[in-house]
Amino acid sequence: MRDRRLLGLAAAALAAAVAFLAIGLKGNIAFVLELRLLKLAALVQVGVAIAISTVIFQTVTGNRILTPSIMGLDALYLFGQMLMVFLLGGVGYVALDPQLKFGLEVLVLMALASALLLPMLKSRLDMGLMLLAGVVFGVLFRSLHSLLARLIDPNEFSVVQSASFANFNAVRTDLLVFAAIVTVIAAVIAWRARHVLDVVSLGPDTATGLGVGWAGTVTGLLLLVSALVAVSTALVGPVAFFGLLVAALAERIVDTRRHGVLLPAAALAGIVVLVGGQTLFQHALGNATALGVVIEFVGGLVFLLLLVLGSRK
Amino acid sequence: MIRIENVSFKHRTTPILTDVSLTIPKGGVVALIGPNGAGKSSLLSLVARLQPLQAGAIDIDGLPVDTTPGRELARVVAILRQDTTVASRLKVRELVGFGRFPHGRGRLIEADHAIIDAAIAQFDLADLADRFIETLSGGQRQRALVAMAFAQGTDYLLLDEPLNNLDMYYARELMRSLRSVADGKGKTVVIVLHDINQASAHADRIVAMKGGRVVADGTPAEILTPETLEAVFGFRMRVETIADKPFVLHQL
C-alpha cells in the first residue's frame with residue numbers, strides 16, 4: 001500500500017518533470033531544452049534538499065512544526081555570505097571562484113549552525129520552548145544579516161542583495177554541478193542513516209539505550225542539514241515554509257514516520273510541488289505571480305493549521 | 001555482573017548519589033526500593049549510560065559503561081526509563097522491532113521477527129500489534145515498551161518503575177515474566193519498584209536506597225522488617241508473613 005503511494009508520488013514527479021520540459025517547446029529546441037534541463041536539475045535539487053533537510057530536522061527536534069528555515073538556518077547562510085563579503089570586500093568576493101565560494105559558504109554555515117544550535121539539541125526541549133527559541137534564532141540571524149548589510153559598502157551590498165530573496169525563475173546554474181555533488185552525497189548519507197533516524201525519533205534516552213550515541217549522531221545530522229540548506233539557499237534563496245509544506249504533505253500521503261518511506265516520499269513531494277508548480281505558473285498562469293509567493297502562502301497556512309491542530313505528536 | 005564502585009552524582013550542585021558501591025551478580029531479579037528522590041532512577045540511568053559518569057566506575061560484564069561503544073553495550077544491557085514517551089507515529093509491532101536495532105542496525109532478519117513475535121506474545125500484545133502507540137492506554141503502552149526492552153535480548157535488563165499504569169493482572173504477569181527469564185535464561189533484572197510486596201513476591205534481592213546512598217541490601221526476608229522499613233521510609237508499618245514471604249501492610 002505504502003509502496004503504491006510512493007510509486008504514485010514518483011509517477012507524479014516524473015509527469016511534472018516531463019511537463020516542465022515539454023510544454024510549449026518551440027524555436028531552437030536544443031537550446032530551449034538545454035536551458036530547461038539545467039533549470040529542472042536545479043529545481044529538483046532544491047526540492048530534494050529542502051525536503052530531506054526538513055524531515056531530518058523534524059526528527060532530531062522531535063517536532064513536526066519546526067523546519068531549518070523557521071529556525072533561521074537559511075538566514076544564517078545569508079549571514080555567512082554577508083560575512084564573507086564584509087571580510088573579503090565585494091571585489092574579492094566576486095573574484096572568488098563561485099564553486100570555491102559556495103564550498104566556503106557551506107563550511108561557514110556548518111560551523112555557525114553547530115556552534116549555535118548544538119547546545120540546544122543536546123537534549124530535546126519542550127516544543128513550545130523550541131519553537132520560541134527557533135523564532136528568536138531566526139530573528140537574530142536575520143538581524144545580524146541586516147546589521148552587516150548596513151555596515152558594508154552599498155556597492156558590496158548589491159553583490160549579496162540578489163541572493164537574499166527566493167526566486168525560482170532565476171536559479172543559479174553556475175553552482176549546479178557542485179551543488180549536485182553535495183545534494184547527492186547528503187541524500188545518500190540520509191538514506192543510509194534511515195534506520196538510525198527512526199531510532200533518533202524515539203528521543204535521546206531510548207536512542208542511547210538502543211546504542212545510538214545521541215550527541216554524535218545529532219551533530220552529524222545537523223551538519224547534514226546545514227549542507228542541504230546551503231545548497232537550496234545558494235540556488236534559489238531562502239524559502240520559509242516550503243519544507244514544512246512538503247514534509248507535512250509526504251507524511252499525510254504515506255502515513256508513516258519511518259524514514260525508509262518518508263525520506264523518498266518527501267523528496268518526491270518536493271519535486272512535484274516545485275517542478276509542477278513552476279510548470280503551472282509558467283504556462284497556465286502566464287507567470288502572473290511568482291511561485292515562491294504562493295508556496296510561502298500555502299506553506300504558511302499549513303504551518304498555522306499544524307499549530308492550531310496541535311500537530312499529532 | 002554489574003559492578004558499581006564509589007559512584008557519586010550531582011545535578012548541578014545538588015548531590016543525587018553519594019559514594020554508591022554495589023555488585024549485582026549475573027542472574028536473578030534485584031529490586032531497588034526507596035522513597036522518592038532516593039536516587040534509584042539516577043543510579044539506573046548511570047548504569048545504562050544515559051547520563052555521563054561524574055565520579056566512580058561502573059562496568060557490566062567487564063565493559064566500562066563510559067568508554068564502551070554504545071552499540072556494543074546495547075547488546076548487553078537494555079533500559080526502560082520511567083515515563084518514556086513515544087513521540088513518533090508508530091505501530092506496536094514497529095516499536096517492539098526497535099529492540100532488535102542493536103543487532104541488525106535496522107535490518108530485520110527471520111530470527112529477529114521470531115523474537116519480536118515472541119515478545120509480543122509474552123506481553124499479550126498480539127491484538128494490539130497493528131495499533132498505533134498513541135491510540136493505546138497508558139498500561140498498554142507500558143507493556144509495549146517493556147516488550148521492546150525484552151526484544152533487545154540483552155543479558156541485563158534495567159527497568160525503572162515498569163509497573164506504572166499496569167493493572168493488577170498485568171503487573172503480576174510482568175513480574176512473573178521477569179522471574180521466568182531470570183530463572184530460565186539466566187538474565188539479570190534490575191527493577192525499581194514502589195510496590196514493596198511485588199518485590200517480596202518476585203525478587204531475589206532487595207536494595208534499599210535513601211538520600212543517595214544504599215542503606216540496606218539483602219533478601220526480601222532480611223529487608224522487609226518493620227525496623228529496616230522504618231529506617232528507609234520513615235514510618236512504622238506492619239509486616240506479616242504469608243506463604244513464607246513477608247508482606248508489608250503499609251496502607252494501615
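## Thr68 of chain B

Thr68(B) sits in the loop between strand S5 (63-64) and helix H2 of chain B. Helices (H or I, at least four residues) and strands (E, at least two) are DSSP runs, numbered from the N terminus. Is Thr68(B) buried or exposed? Thr68(B) is buried, with a relative accessible area of 11%. Buried means under 20% relative accessible area, exposed over 50%, and partly exposed in between, with a 1.4 Å probe and protein chains only.

A polar atom of the Thr68(B) side chain lies 2.5 Å from the backbone oxygen of Pro64(B). Thr68(B) is also in contact with Leu63(B) and Leu73(B), leaving aside neighbours within four places in sequence. Contact means heavy atoms within 4.5 Å.

## The model

This is a predicted model: local features need pLDDT of at least 70, side-chain atom pairs count only at pLDDT 80 or more, and totals for chains, interfaces and linings use all residues. Residues are numbered from 1 along each chain as its sequence is written, chains are lettered from A and ligands numbered from 1 in the order in which they are written, and side-chain values use heavy atoms, with hydrogens and water left out.

## Chain A

Chain A has 14 helices and zero strands. Buried residues make up 53% of its 313 residues. Take the contacts in chain A between residues at least 6 apart in sequence: 80% of them join residues at least 24 apart.

The domain assignment splits chain A into domain 1 (1-65 + 173-312) and domain 2 (68-164). Such bounds come from an automatic or database domain assignment.

## Between the domains of chain A

Domain 1 of chain A gives 40 residues to the contact, and domain 2 of chain A gives 28 residues. Together they bury about 2900 Å², with 77% of it on carbon and sulfur atoms. Buried area is the accessible area (1.4 Å probe) that two parts lose on being put together, summed over both. Which three residues of domain 1 of chain A supply more of its buried area against domain 2 than any other three? They are Phe57(A), Phe178(A) and Leu222(A), with 18%.

The rule finds zero salt bridges across this interface of domain 1 and domain 2 of chain A. A salt bridge is a side-chain nitrogen of Lys or Arg within 4 Å of a carboxyl oxygen of Asp or Glu. Residue pairs in polar contact (both at pLDDT 80 or more) also number zero there. A polar contact is a pair of N or O atoms within 3.5 Å; within protein, one must be able to donate a hydrogen and the other to accept it, and residues adjacent in sequence count only if both atoms are side-chain atoms. Helix H2 (29-61), helix H8 (176-192), H11 and helix H14 (291-309) of chain A each supply at least two residues of the domain 1 side. H11(A) gives the most to that side, with 14 residues.

## Where chain B meets chain A

This contact takes 29 residues from chain B and 23 residues from chain A. The area buried between chain B and chain A is about 2100 Å². Carbon and sulfur atoms give 55% of that area.

How many salt bridges are counted between chain B and chain A? The count is two. Glu94(B) forms a salt bridge with Arg258(A), and the closest N and O atoms are 3.5 Å apart. The rule also finds three residue pairs in polar contact (both at pLDDT 80 or more) between chain B and chain A. On the chain B side, helix H2 (70-73), strand S6 (77-80), helix H3 (92-97) and helix H4 (101-104) each supply at least two residues.

## Nonpolar cores

A nonpolar core is a set of buried Ala, Val, Leu, Ile, Met, Phe, Trp, Tyr and Cys residues joined through side-chain atoms within 4.5 Å. The largest core has 156 residues. Ile56(A), Phe102(A), Leu95(B), Leu178(B) and Ile191(B) touch the most other members. Helix H11 (residues 214-236) of chain A contributes the largest share of this core, 14 residues. The core draws at least three residues from each of domain 1 and domain 2 of chain A.

Leu178(B) touches Val29(B), Phe150(B), Leu157(B), Leu159(B), Val189(B) and Ile191(B), not counting residues up to four places away in sequence. A second, separate core holds 32 residues, including Leu22(B), Val30(B), Ile60(B) and Ile79(B).

## Two asparagines with positive phi

Asn6(B) lies in strand S1 (residues 2-11) of chain B. Its phi is near 45°, a positive value in a residue other than glycine. Asn6(B) counts as partly exposed, at 43% relative accessibility.

Asn165(B) belongs to the loop between strand S7 (156-160) and helix H7 (168-185) of chain B. Phi of Asn165(B) is near 70°, also positive in a residue other than glycine. At 58% relative accessibility, Asn165(B) counts as exposed.
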